[in-house]
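Work through the exercises below with the sequence and the coordinates side by side. Each task is followed by a solution that proceeds step by step.

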Amino acid sequence: MKQHEPVILLVEDNPDDEELTRLALTESNIANRLYVVSDGQEALDWLFCQGQHAGREPCHIPSMVLLDLKLPKLDGLEVLKAMRADERTKRMPVVILTSSREERDILEGYNLGANSYIQKPVDFEQFTHAIRQLGIYWMVLNEAPPHFQK
């Protein structure tokens with residue numbers, strides 16, 4: 001088994017939010033490799049090394065998934081449900097990072113096993129602060145479960 005490379009998977013269909021997230025990670029000195037997918041089906045393909053990501057190196061297991069809810073093909077809640085149903089991803093840290101303030105989205109996200117739910121701040125400084133805190137906690141302080149390869 002190859003050495004686990006700590007990476008972040010961003011599941012985001014809005015190019016402006018993707019760029020803001022990249023900038024916030026850079027501003028926060030979070031240097032982990034960032035992979036970006038733009039719809040729910042591609043997220044599952046990337047995670048499970050299938051479809052268009054069938055040749056992807058499976059040792060690049062995310063230390064954190066930043067998951068938007070409003071996505072094409074499969075929404076974020078469907079992605080989260082599929083992740084929690086699979087042994088390879090059921091313990092993977094998932095942070096819902098969305099503009100939705102809907103109570104049903106918050107409840108369903110936690111019911112499906114989200115580790116955190118963050119409403120995207122409109123202000124870049126607040127957004128950068130939120131991303132910095134996420135990075136410090138999930139990429140530095142948190143003790144992740146061991147990763148298994150079958």
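**Exercise 1. Find how many aromatic pairs the structure holds, and describe the geometry and the surroundings of what you find.**

Solution. Begin with the count: this predicted model holds one aromatic pair. The partners are Y35 and W46, whose ring centres lie 4.9 Å apart with 45° between the planes, an arrangement that counts as tilted. Next, place the two residues in the chain: Y35 belongs to strand β2 and W46 to helix α2, eleven residues apart, and the pair thereby links distant parts of the chain. Then consider accessibility, for which the cut-off for a buried residue is under 20% relative accessible area. Y35 counts as buried because its relative accessibility is 15%, and W46 is buried as well, since its relative accessible area is 3%. Finally, look for a charge at the ring of W46: the charged end of R56 sits over this ring, 3.7 Å from its centre.

**Exercise 2. Determine which residues of helix α1 are buried, and what covers them.**

Solution. First delimit the helix: α1 runs over residues 15-27, and its 13 residues reach 18 Å from the first C-alpha to the last, close to the 18 Å expected at 1.5 Å a residue. Within α1, the buried residues are T21, A24 and L25. These residues lie on the same side of α1, because they cover an arc of only 100° around the axis. On the other side of α1, P15, D16, T26 and E27 are exposed. The cover over the buried residues of α1 includes strands β1 (7-11), β2 (33-37) and β3 (62-67), together with helix α5 (124-141). To finish, inspect both ends: N14 caps the N-terminal end of α1 with a side-chain oxygen that lies 2.7 Å from the backbone nitrogen of D16, while N29, just after α1, takes a positive phi of about 60°.

**Exercise 3. Establish which residues of helix α3 are buried, and which elements they pack against.**

Solution. In α3, which spans residues 76-85, the buried residues are G76, L77, V79, L80, M83 and R84. Seen down the axis of α3, they fall within an arc of 155° and therefore line one face of the helix. K81 and A85, on the other side of α3, are exposed. The packing partners of the buried residues of α3 are α2 (40-47), β3, β4 (94-98) and α4 (103-111). As a last step, examine the start of α3, where a side-chain oxygen of D75 comes to within 3.0 Å of the backbone nitrogen of L77.

Key
Residues numbered from 1 in each chain as written. Predicted model: local features only at pLDDT ≥ 70, side-chain atom pairs only at ≥ 80, totals over all residues. Heavy atoms only, no water. Helix = DSSP H or I, 4+ residues; strand = E, 2+ residues; numbered from the N terminus. Expected span 1.5 Å × (residues − 1). Buried < 20%, exposed > 50% of the residue type's maximum accessible area, 1.4 Å probe, protein only. Arc of directions from axis to C-beta. Contact = heavy atoms within 4.5 Å. Polar contact = N/O pair within 3.5 Å; in protein donor to acceptor, adjacent residues only side chain to side chain. Phe/Tyr/Trp six-rings, centres within 6.5 Å; stacked < 30°, edge-to-face > 60°. Lys NZ or Arg CZ within 6 Å of the ring centre and 35° of its normal.
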